[in-house]
Amino acid sequence: MTHLVLRNVQKSFGNKPVIDGLDLEVNEGDMVCLIGASGSGKSTLLRCINLLEPIDDGFIELDGQDISDPERDPQPVRQRIGLVFQSFNLFPHMTAEENVMLAPRRIKRLSRDQLRPDIAGLFDRFGLSEHMQHYPDQLSGGQQQRVAIIRALAMRPEIMLFDEITSALDPELVGEVLDVLRQLKAQGMTMVMATHEMGFAREVADKVCFLSDGRILEQGPPEQLFGAPQQARTQAFLSAVL
Amino acid sequence: MTLAPAAPGKTRRELHETRARRRGIVIASLSTLLVIGAIVVLVPLAPGWEAVQESFFNGEVFLRTFPKLVQAFLLDVAIFAWCAPLIAVWALVIALCRDVRNPALYPLRLFAILYTDIFRGVPVVLVVYLIGFGVPGLGLPRPWNSPYIWGSLALILTYSAYVAEIYRSGIESIHASQRAAALSLGMSKSDTMRFVILPQALRRVVPANMNMFIALQKDVALLSFIGPVEVLRQAGVFKSLLANFTPYVVAAIIFLCVTIPATRYADYLIAKQNRARS
């Protein structure tokens, strides 16, 4: 079943088009990886899907519902779409647990006691139980990023977006974050991920999209896109990074 | 040639740094002594020194007026104590009004802009005069004609304009990614401000606000112009009574006893914050 559909999405910053008539379909339970050079529009695309950036034209549909209507309140939509950032963006004045609890407390009006079992479960699942009361600056990059993922998951989103979430990490910390994604994939979470981790994309993705100049130049299952890329620019990009 | 260990447990660099530090302390002490010595020797050579010493640094007057002036200073502290929290709150209201984006609330924003422009543009002493004499002139009944109320209000209004700008600079210093993170979770703009932006911004501007409040403690003395017998006015009374300026020096020393430690503390906070951010 198709879950997220993008049709002819356009987005410019000033006169510079960043997303230039992009189409994309994401099926329920799929992991879609966006690859491409810096500046190809991967991050902007994810921010547009989460409605952090309003799109100029085109449609974004979630479950058959046009969420990109400019007249629409973006707040309820964002609650259904989790976004995890490259730079973690944890709230530094709150403990890990408070970071995770804030949005459900304010939006769903649940008390800390009501939330605690659920959230403790998430921390436990991702191996962070003993860090719930720590502040972000007491955690390693990998731990911070995992807390950021838990923070997004705590809103029980239908789909998760990941914006190069391992790019700011030391190499030895990348694995623990990617493991979290493997777990989510196994549980059937729908995910879209901008990444430079080609090995991971090849292993886990159901579909890989190569972005260039704000458009999807080529897409397909990983074995096809990595094994036999059709476009010259895809080939050039892959031979440069692999 | 043998490389003898310089000293047990010390590296060559540590030894060098110890020597350099010792040398620095000796030089700093000598030059300070020299300057102080010069002042002590040279100033009394001025022709008017006897008269100045008699009217500004009179030990007898000092001892006689000191206790009374400390008592009067307590009034300054009291005025400061009720003004400071009101400034902290009112300034926050102004700062938030200035960032209102809702078109229906535009008048609030306009008000906040005009407010900060006006009160930052007029000398404090003028505001004290205008409000301190002007409002009671309306013929209000007691206690509403008290110069304490209207003088304090003048300080609150003026200082809130400055503190509001400090708050705003703090709000703007919080990186946009914090707002993006909160909004991406589906939080409202007002919750994002209240729970994510403001707590960080307020912490960040504590040192800047410390400096404002040190200035406020000094400016409380401006209320002496409209009535309250606080330390400056009390010093003036003693000056007339004893025909001697020493009470003013006493008042200055009393102020310094409070403001110097407070300034040092503010500097310490700033240094701590800079360390934390680097």
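A helix here is a DSSP run of H or I with at least four residues, a strand is a DSSP run of E with at least two, and both are numbered from the N terminus. The model is predicted.

**Exercise 1. The make-up of chain B**

Task: State how many helices and strands chain B has, and decide whether the chain is a compact globule or more spread out.

Solution.
1. Count the elements: chain B has 11 helices and 0 strands. Read from the N terminus, the order is therefore α-α-α-α-α-α-α-α-α-α-α.
2. Compare two radii. The globule rule gives 19 Å for 278 residues, whereas the radius of gyration of chain B is 26 Å, well over that value, so chain B is more spread out than a compact globule.
3. Look at the box: along the principal axes, the C-alpha atoms of chain B fill roughly 80 × 70 × 30 Å.
4. Add burial: 25% of the 278 residues in chain B are buried.

**Exercise 2. A sheet in chain A**

Task: Find which strands stand at the edges of the open sheet of 6 strands in chain A.

Solution.
1. Write down the strand order, which is 6-7-8-3-9-10 in chain A, with mixed pairing.
2. Take the two ends of that order. Strand 6 (81–84) and strand 10 (215–220) of chain A each have a single partner strand, so one side of each is left without a neighbour in the sheet.
3. Note the twist, which averages 20 degrees from one strand to the next.
4. Examine one edge. Strand 6 of chain A pairs with strand 7 (residues 159–163) of chain A in the parallel sense, over 4 bridges. In this pairing A:Val84 has A:Phe162 of strand 7 as its bridge partner.

**Exercise 3. Where the chains meet**

Task: Describe the side of chain A that touches chain B, and name what covers helix 7 of chain B.

Solution.
1. Count the residues: 19 of chain A are in contact with 16 of chain B.
2. Identify the elements of chain A that give two or more residues to this side: helix 2 (74–80) and helix 3 (96–107).
3. Sort by class: the side of chain A has 11 nonpolar, 6 polar and 2 charged residues.
4. Turn to helix 7 (residues 176–184) of chain B, where B:Ala181, B:Ala182, B:Leu183 and B:Ser184 are buried. Their cover includes helix 2 and strand 6 of chain A, together with helix 8 (189–204) of chain B.
5. Just after helix 7 of chain B, B:Gly186 has a positive phi of about 95 degrees.

**Exercise 4. The cores**

Task: Give the number of residues in the largest nonpolar core and name the helix that gives the most to it.

Solution.
1. The largest nonpolar core has 106 residues, and those with the most contacts inside it are A:Cys33, A:Leu34, A:Ala152 and B:Val163.
2. Helix 6 (residues 147–173) of chain B gives the most, with 13 residues.
3. Take A:Ala152 as a case: its contacts beyond four places in sequence include A:Leu83, A:Val84 and B:Leu185.
4. A second, separate core has 9 residues, among them B:Leu69, B:Val231, B:Phe238 and B:Val250.

**Exercise 5. A glutamate in a loop**

Task: Decide whether B:Glu230 is buried or exposed.

Solution.
1. Locate B:Glu230: the loop between helix 9 (206–219) and helix 10 (231–242) of chain B.
2. Apply the cut-off, which is 20 or more other C-beta atoms within 10 Å. B:Glu230 has 25 C-beta neighbours inside 10 Å, so it counts as buried.
3. List contacts beyond four places in sequence: they include B:Ala72, B:Leu75, B:Asp76 and B:Val220.
4. Check one distance: the C-alpha atoms of B:Glu230 and B:Val220 are 8.6 Å apart, with their positions 10 residues apart along the chain.

Definitions and conventions. Residues numbered from 1 in each chain as written. Chains lettered and ligands numbered in written order. Predicted model: local features only at pLDDT ≥ 70, side-chain atom pairs only at ≥ 80, totals over all residues. Pairing = 2+ DSSP bridges. Axes fitted to C-alpha atoms, helices over the stretch in contact; angles between N-to-C directions. Contact = placed C-beta atoms within 7 Å. Nonpolar A, V, L, I, M, F, W, Y, C, P; charged D, E, K, R; others polar. Rg over C-alpha atoms; globule rule 2.2 N^0.38 Å. Buried ≥ 20, exposed ≤ 12 C-beta atoms within 10 Å, placed from the backbone. Core = buried A, V, L, I, M, F, W, Y, C linked by C-beta atoms within 7 Å.
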